[in-house]
Amino acid sequence: MGTWWRGTALVTERGIVESIRGRTFKVVTGLLLLLSVAAVVAPQLIGGDKTTYTIATEGQAPTGIRAALDAAGKSADFNVRYISRADENAVRLAVRDGDATSGLAGTTIYTSANQGGTFPVLVAQAAVALETTRKLSEAGLSATQVAELQSIRPPKQVIVGKSDNADRAGVGFAVGIILYMALIFAGTTLANTVALEKSTRISEVLLAVLRPSQMIVGNVLAVGTVTLVQLLVLTAPLAVAVRVTDKIGLPPVAAGDIGLAVAWFVLGFMLFAFMYAAAAALVDKITDVGSAIMPVSTILIAGYLLAIIVVMADPNGGWSVAVSLFPFTAPMAMPIRWASGLVPVWQLVLAMALTAGTAVVMVGVASAIYRRALVVTGRRVRLREVVRLGR
């Protein structure tokens, strides 16, 4: 067994070294790193300054209004600037001319027709709270009693939707696209490698000293390792940034979703890679690789479309659950469902277990096809012919 692994390691090392030395690896990895850094830095530059609202008041802004708005700004991360005007008409003109976001004069709040949002609502709430406090005090209530009345908490708000966080759901959507592209890219690269070795008769030389199983496993590990490194270059900086700063605009839990995507790539690649390698071993010319791997790519494309169309529409629907558990669609569908925040942990574990189990089965089946097809040269081999050779 030790000899088998040493031979496999040699094939893996050879594949990794050749890939790293190639210009394509350097260019693609560099672009992925730039993309990842840009995704981290751009929100910092764009969203670095706090939003500032300006309120115009008739005379100096009341102390109670200032205290309420400043407290709200500290909680919601915005600043409030106060400007005073001589009379109500001057307050109205300040809002009309764009000098102020909102204006407060007596019992009237002025709001620009071009600006809405929640700030005028906050001003209205602060004015109501201030007037309520005054009237309660005039009615004979003590400061303690007024404070108790104002401390009554509103009913608990529960957001009901297809996901518990829209930003996190967006991460799931992006993860699904990245996984699909990574699996297609890695599978196609592996297929081209296998077909090139066979068409140039390199495989015949290798078969003199290596077993077919060592060659297929070595090639799979080499391509998988290189693609995994590129995937980590893309995702690791973003995952770290999500955890350490809130400027990215994503919840910290999204870092776990990004990390989970890497695990799903490993599972998905182990499931599909051997199928790609076996399909490529059937051809004699590298130009025939596209048609040979089309059935495998079709399965991947179908899984991606189901993940986007079915799961995004209703993450907890019956079809979504089925698609996320089925091994050949789970690598794209389950990360999207998981990012909705509404998936039980046991379903995630079950999906991973089913995918891993199916991958183990596919290793044996694909290795057998690879071994039989690799020794037939000079023409394209049909799958039925390979099956007959195994009888």
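**Close-up views of the predicted model**

**Figure 1. The largest nonpolar core of the predicted model.** Of the 75 residues in this core, W264, F269, F272 and Y276 touch the most other members. Helix α10 (residues 254-281) supplies the largest share, namely 20 residues. A second core, separate from this one, has 11 residues, including A61, L69, L104 and V123. In soluble globular proteins, nonpolar side chains tend to be buried together. For context, the chain holds 16 helices and four strands, and buried residues make up 41% of its 391 residues. Among the contacts in the chain with a separation of 6 or more, 73% are accounted for by residues 24 or more positions apart.

**Figure 2. The surroundings of W264 in helix α10.** W264 counts as buried because its relative accessibility is 0%. Neighbours within four places in sequence aside, W264 is in contact with L179, A330, P331, M334, P335, L348, A351, M352 and T355. One of these, L179, lies 85 residues from W264 along the chain, with a separation of 7.9 Å between the two C-alpha atoms. W264 is also one of the four residues that touch the most other members of the largest nonpolar core.

**Figure 3. The contacts of Y276, another of the four residues named for the largest nonpolar core.** When residues up to four places away in sequence are not counted, Y276 touches L183, I184, G187, T188 and A191. Y276 also touches I293, V296, S297 and L300.

**Figure 4. The crossing of helices α13 and α14.** The axes of α13 (residues 318-325) and α14 (residues 330-338) come within 7 Å and cross at roughly 130 degrees. An angle from 65 to 115 degrees would count as roughly perpendicular and one over 145 degrees as roughly antiparallel; the two helices are therefore oblique to each other. From α13, the contact is made by S320, V321, V323, S324 and L325, and from α14 by A330, A333, M334 and R337. By class, this contact has six nonpolar, two polar and one charged residues. Within α13, S320, V323, S324 and L325 are buried. The cover over the buried residues of α13 includes α12 (294-313), α14 and α15 (345-374). Two of the α14 residues in the contact, A330 and M334, are also in contact with W264.

**Figure 5. The four-stranded open sheet.** The strands follow the order β2-β1-β3-β4, with mixed pairing. Strands β2 (78-85) and β4 (108-111) stand at the edges and have a single partner strand each, so one side of each is left without a neighbour in the sheet. From one strand to the next, the twist averages 20 degrees.

**Figure 6. Strand β3 and its pairing with β1 and β4.** Strands β1 (residues 51-58) and β3 (residues 102-105) run parallel and are joined by three bridges. Across this pair, I55 stands opposite S102, and T57 has L104 as its bridge partner. Strands β3 and β4 run antiparallel, and four bridges join them; here L104 stands opposite I109. The two strands form a hairpin with two residues between them, and G106 in the turn has a positive phi of about 65 degrees. S102 and L104 point one way from β3, whereas G103 and A105 point the other way, and all are buried. L104 is also a member of the second nonpolar core.

**Figure 7. The position of T51 in strand β1.** Is T51 buried or partly exposed? T51 is partly exposed, because its relative accessible area is 43% and the partly exposed class spans 20% to 50%. Beyond its neighbours within four places in sequence, T51 is in contact with D77, F78 and N79. T51 and G73, which are 22 residues apart in sequence, have a C-alpha to C-alpha distance of 9.3 Å.

**Figure 8. The environment of Q230 in helix α9 (residues 212-244).** Q230 counts as buried because its relative accessibility is 6%, and the limit for a buried residue is under 20%. With neighbours within four places in sequence left aside, Q230 is in contact with F25, V28, T29, L32 and F185.

Conventions
Residues numbered from 1 in each chain as written. Predicted model: local features only at pLDDT ≥ 70, side-chain atom pairs only at ≥ 80, totals over all residues. Heavy atoms only, no water. Pairing = 2+ DSSP bridges. Axes fitted to C-alpha atoms, helices over the stretch in contact; angles between N-to-C directions. Parallel < 35°, antiparallel > 145°, perpendicular 65-115°, else oblique. Contact = heavy atoms within 4.5 Å. Nonpolar A, V, L, I, M, F, W, Y, C, P; charged D, E, K, R; others polar. Core = buried A, V, L, I, M, F, W, Y, C linked by side-chain atoms within 4.5 Å. Buried < 20%, exposed > 50% of the residue type's maximum accessible area, 1.4 Å probe, protein only.
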